[in-house]
Amino acid sequence: MPDDSGAARARQRTGTGIGLLLVLVLGAALLIGLPDDDGSDDGACRGRTVGSWKADDGLTAEFARYGGDASRTDDWTGGDGTHSVRLPDGRVLWLFSDTFLGQVYGPPNPHGEPYAWRDPTTPLVRNSAVLMRDGRLESTLPAPLFADPAPDQWRWPVAARVEPRSPGSPEQVVRVLLWVRTAGQAPWIYGVPTATEVATLSLPALRLESIVEVLDQSAVPDPSRRVLFGTTLVEEDGWTYVFGGDDGRAASRPASHAYAARVPEGGLADPDAWQYWSGSSWVPGARPRPVLGDGRRTGVGSAFTVVRDGGTYVLFTMAAGPKGLTTVASYWACSPAGPWHGPAKEFSPSLPQGQVAAYNPQAHPVLSGGGRLVLSYDVNWLGTTGAAAQLSRNVSLYRPRFVTLRLAAVR
């Protein structure tokens with residue numbers, strides 16, 4: 001999925017449709033209530049940013065264990081996107097975009113390097129889903145979970161939530177936001193933004209029931225101004241606030257713009273229920289207006305995540321400009337529509353050696369609590385040789401990493 005211009009050039013060299021491209025295009029966060037450092041959560045809005053952070057080696061190792069299990073022959077072995085939602089029975093559904101399945105072989109690889117590897121001809125699927133129970137990944141759903149809508153188009157899953165089948169219904173379903181992209185030429189080598197859809201999965205079987213288009217952007221003449229929603233969800237007071245982004249970085253701007261919509265609980269799959277921030281109010285059918293970003297110093301990659309800490313909304317994204325390949329920045333606001341303040345404190349999570357980059361920071365409230373926020377980030381190859389070949393040469397590269405952080409007052 002998306003990236004900045006450096007990633008786009010790397011992808012053009014490799015000819016692959018994989019992941020660093022998520023720097024611009026992915027993303028998802030969900031609601032999480034994190035108490036203040038003193039344990040209070042009185043609902044007041046205060047400036048919040050990163051207080052401290054550390055690598056979460058346990059979660060990172062669990063995805064490495066599952067993806068590197070050589071006894072499995074057609075399960076998830078690596079992917080990007082990394083969104084999560086807890087199901088009513090306690091399982092966690094993990095959603096991924098571009099994904100490698102296939103067989104993993106133990107080290108050394110054919111180049112004599114000490115890496116587990118896969119056959120470089122292993123095909124890539126556009127989306128996948130993995131189930132976790134009690135902190136342990138246990139199975140991959142048949143992939144792709146969401147079929148291509150048409151030739152030269154594909155679907156990337158982003159944020160998801162469990163909600164009533166319809167407003168007030170006692171029956172629950174899983175709703176998954178999907179981004180539709182269409183194959184294109186440079187600079188749209190990761191696909192032209194096309195539409196936002198919502199898929200409905202049954203519970204507990206997770207059977208795909210329907211896919212509904214909620215926002216068609218194909219008529220917007222400038223692809224860099226097309227908005228795809230679902231990089232993050234925040235649930236509050238009977239509403240689902242849905243954030244999205246445009247592809248400003250593909251148009252060589254240092255940062256993209258963030259947008260916001262809202263939907264009554266139970267209405268995600270109803271296009272008429274969506275209301276978009278028009279710049280002054282929430283309006284059905286309105287042309288979305290940005291809530292964050294000047295296209296230069298402030299803004300987002302399309303991959304960003306939002307959490308709620310008491311009365312404060314906190315947004316994490318890759319930083320604007322060249323730092324966007326290594327550094328996570330944060331913003332805060334008192335409402336989804338802003339005004340957003342920042343960027344505040346930044347941090348740079350660890351990366352494996354080589355020509356790699358971090359992208360797609362995503363919060364995981366299902367694994368967070370006690371003042372701790374779990375955040376994932378994806379890793380991809382940036383070198384001058386083929387990305388797909390490099391990711392198969394060392395299968396550990398193309399998997400999520402995790403950090404745990406604590407929020408603190410802005411100073």
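Here is a quick tour of a predicted model, taking in its core and one buried threonine.

Residues are numbered from 1 along each chain as its sequence is written. Because this is a predicted model, local features need pLDDT of at least 70, and side-chain atom pairs count only at pLDDT 80 or more, while totals for chains, interfaces and linings use all residues.

Let's start with the core. The largest nonpolar core (buried Ala, Val, Leu, Ile, Met, Phe, Trp, Tyr and Cys residues joined through side-chain atoms within 4.5 Å) has 24 residues. Phe316, Phe347, Leu375 and Leu405 have the most contacts inside it. The elements below each give two or more residues to this core; strands are DSSP runs of E with at least two residues, and helices are runs of H or I with at least four, numbered from the N terminus.

| Element | Residues |
|---|---|
| β19 | 312-318 |
| β21 | 356-363 |
| β22 | 373-381 |
| α4 | 387-393 |
| β23 | 401-409 |

The largest share, five residues, comes from β22. Another core, of 21 residues, lies apart from this one and includes Val158 and Trp274.

Now for the threonine. Thr404 sits in strand β23 and is buried, with a relative accessible area of 8% (buried means under 20%, exposed over 50%, partly exposed in between, using a 1.4 Å probe and protein chains only). Ser52 is 352 residues away along the chain, yet the two C-alpha atoms are separated by 8.5 Å. Leaving out residues up to four places away in sequence, Thr404 touches several residues (heavy atoms within 4.5 Å), among them Ser52, Trp53 and Leu373.

Note on methods: Heavy atoms only, no water.
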